[in-house]
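Work through the exercises below with the model open. Each task is followed by a stepwise solution.

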Amino acid sequence: MRAIGVDPVADTQQCFRTLVAAMSRPGTVHETPTSPADHAVLATLVDHEVSCYTTDETIKTALANEGRLTEASMTAADIVHATTPTDGAVETLRSGSLTEPSEGATIVYRVTELIPESANSSATTLSLSGPGIKDTQTLAVEGLPASEATSISRAQSEYPQGVDVIVATETALAALPRSVELEVQ
């Protein structure tokens, strides 16, 4: 993964810890060890046993050169890398089953900015509640249209089934696990 500036041991271990912290505290913003953050996440999560869908040729080549890329269609992949909004296709991703909810997909969105409190009127503001959140957590996401956020909410509406979502900027990420209730404001 050095081809994309990610140390395959130190950086992926730190990124994994960052992902655990983000999933444990949904909607909070966490810095990543390398940039861009979406590449760090993919370098951490994707291996030869985890299928991936991405249109990003840089990450696709890096994963393939390491023997870690098992390509799949968007609807069949374990990990979906969305460099742009999916125009609602997030609702068609694998959502697991009642007996195996962990078979739901994880989608990693590349976004412009993550703002812990809504101070930017052009950003989509999300209100999260559920496990890992005291009362509610607000997160504004620049680069994720409100229509896409609404599709994410629908894709997560049948808990424990659903998709896990990671939104990543150049240097940070936040998680929206399937266990949270997501309201688009």
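**Exercise 1.** How many salt bridges does a search of the whole structure find?

*Solution.* The model is a predicted one. The search finds 7 salt bridges.

**Exercise 2.** Describe the salt bridge between Asp56 and Arg110.

*Solution.*
1. Start with the distance. The closest N and O atoms of Asp56 and Arg110 are 2.5 Å apart.
2. Place the partners. Asp56 sits in the loop between β2 and α3, and Arg110 in strand β5 (residues 106–110). They are 54 residues apart, so the pair links distant parts of the chain.
3. Check accessibility. Buried means under 20% relative accessible area. Asp56 has 11% and therefore counts as buried. Arg110, with 30%, is partly exposed.
4. Look for shared partners. Salt bridges join Asp38, Asp56 and Arg110 into one network.
5. Find another role of Asp56 at the start of α3. There, a side-chain oxygen of Asp56 reaches to within 2.9 Å of the backbone nitrogen of Thr58.

**Exercise 3.** Analyse helix α3, from its buried residues to its end.

*Solution.*
1. List the buried residues of α3 (residues 57–65): Ile59, Lys60, Ala62 and Leu63.
2. Locate them around the axis. They cover an arc of only 165 degrees, which puts them on the same side of α3.
3. Identify the cover. It includes α2 (37–45), β3 (70–71) and β4 (79–82).
4. Inspect the salt bridge of Lys60. Its partner is Glu57, with the closest N and O atoms 3.6 Å apart. Both residues lie in α3, 3 residues apart, about one turn of the helix.
5. Compare the two partners. Lys60 is buried at 18% relative accessibility, whereas Glu57 is partly exposed at 49%.
6. Go just past the helix. Gly67 takes a positive phi of about 70 degrees.

**Exercise 4.** Is Val50 buried or exposed, and what does Val50 contact beyond its sequence neighbours?

*Solution.*
1. Val50 lies in the loop between α2 and β2 (51–53).
2. Its relative accessible area is 19%, so Val50 is buried.
3. Leave aside neighbours within four places in sequence. Val50 then contacts Leu45, Thr70, Asp78 and Ile79.

**Exercise 5.** Test the length of helix α1 and find what its buried residues pack against.

*Solution.*
1. Helix α1 (residues 10–24) has 15 residues and should span 21 Å at 1.5 Å a residue. Its end C-alpha atoms are 21 Å apart, which agrees.
2. The buried residues of α1 include Cys15, Leu19 and Ala22.
3. The buried residues pack against β1 (30–31), α2, β9 (164–168) and β10 (172–176).

Methods:
Residues numbered from 1 in each chain as written. Predicted model: local features only at pLDDT ≥ 70, side-chain atom pairs only at ≥ 80, totals over all residues. Heavy atoms only, no water. Buried < 20%, exposed > 50% of the residue type's maximum accessible area, 1.4 Å probe, protein only. Helix = DSSP H or I, 4+ residues; strand = E, 2+ residues; numbered from the N terminus. Arc of directions from axis to C-beta. Contact = heavy atoms within 4.5 Å. Polar contact = N/O pair within 3.5 Å; in protein donor to acceptor, adjacent residues only side chain to side chain. Expected span 1.5 Å × (residues − 1). Salt bridge = Lys/Arg side-chain N within 4 Å of Asp/Glu carboxyl O.
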